[in-house]
Amino acid sequence: MKRYRKPIQYVILALVILIGGYAVGRSFFTTSPVLKPGQAAPEFVLADLEGNVHDLESYKGKPLVLNFWGTFCPPCRNEMPALQHEYDKWKDKGLELVGINLSEDRISVQRFAEGVGAYFPILLDRNKKTEKKYGLKEYPTTFFITPDGEIQDIVIGGPMSEEDIDSRIRRLFGE
């Protein structure tokens with residue numbers, strides 16, 4: 001038995017290296033869409049914290065800020081109050097702001113939102129399909145979408161300041 005110990009260890013090591021290499025290679029070389037300003041925003045159909053279904057089509061005709069975030073993300077936490085403040089400022093003029101949480105459970109998301117004072121609609125991307133359609137690589141990522149559904153601007157990373165959010169919203173309204 002001792003005679004076969006070393007060869008078995010080498011075989012196991014080779015398998016671990018092959019499987020690990022495959023996993024790393026897949027993560028580096030899988031392609032997801034890279035969205036750019038001027039392109040149409042991908043459709044989504046997601047439920048909010050109360051179970052109501054939202055889709056991109058229902059926001060057509062209004063400027064939309066679409067913010068992808070997670071409770072695990074410090075910059076996401078830091079920019080939530082600024083997003084809420086700007087939403088409060090612009091919602092009477094027709095602005096829509098929607099947060100899309102990245103596959104976390106409803107109770108954790110609800111507690112987080114209440115804790116940071118975020119009361120705009122928050123949708124749950126349970127299966128990460130929407131995250132993949134939008135090609136997310138970093139959190140938070142925010143899309144500024146024109147009333148006709150075209151991506152006007154994309155901000156990757158954060159946190160954004162109120163002034164930065166405000167200037168981008170002004171552009172959505174053509175100001």
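What share of the contacts in the protein chain with a separation of 6 or more comes from residues 24 or more positions apart? In this predicted model, the figure comes out at 69%. Those contacts, then, link stretches of chain that sit 24 or more positions from each other in sequence.

As for the overall build, the protein chain carries 5 helices and 7 strands. Read from the N terminus, the elements go α-β-β-β-α-β-α-β-α-β-β-α. The radius of gyration is 21 Å, whereas the globule rule gives 16 Å for 175 residues, so the chain is more spread out than a compact globule. The C-alpha trace spans about 80 × 35 × 30 Å along its principal axes.

Turning to the surface, the protein chain exposes about 10100 Å², and 57% of that is supplied by carbon and sulfur atoms. Buried residues account for 41% of the 175 residues. On the charge side, there are 23 positive and 24 negative charges, and their mean positions lie 15 Å apart.

Inside, the largest nonpolar core takes in 26 residues, and Met80, Phe120 and Ile122 have the most contacts within it. At least two residues of this core come from each of strand 3 (64-69), helix 2 (74-90), helix 3 (106-116), strand 5 (122-124) and helix 5 (162-172). Helix 2 gives the largest share, with 6 residues.

Ile122 makes a handy example of how this part of the chain is put together. Setting aside neighbours within four places in sequence, Ile122 touches Ala47, Asp48 and Leu49, along with Trp69, Gly99, Val109 and Ala113. Of these partners, Trp69 is at the end of strand 3 (64-69), while Val109 and Ala113 fall in helix 3 (106-116). A second core of 18 residues lies apart from the largest one, and its members include Phe44, Leu56, Val98 and Leu102.

Then there is Lys132, which is part of helix 4 (residues 129-133). Is Lys132 buried or exposed? Its relative accessible area is 55%, and because exposed means over 50%, Lys132 counts as exposed. Phe120, one of the residues with the most contacts inside the largest core, is 12 residues away from Lys132 in sequence. In space, the two are 23 Å apart, C-alpha to C-alpha.

How values were computed
Residues numbered from 1 in each chain as written. Predicted model: local features only at pLDDT ≥ 70, side-chain atom pairs only at ≥ 80, totals over all residues. Heavy atoms only, no water. Helix = DSSP H or I, 4+ residues; strand = E, 2+ residues; numbered from the N terminus. Rg over C-alpha atoms; globule rule 2.2 N^0.38 Å. Buried < 20%, exposed > 50% of the residue type's maximum accessible area, 1.4 Å probe, protein only. Contact = heavy atoms within 4.5 Å. Areas by Shrake-Rupley, 256 points an atom, 1.4 Å probe, with all protein chains shown as cover. Lys, Arg positive; Asp, Glu negative; His and termini not counted. Charge placed at Lys NZ, Arg CZ, Asp CG, Glu CD. Core = buried A, V, L, I, M, F, W, Y, C linked by side-chain atoms within 4.5 Å.
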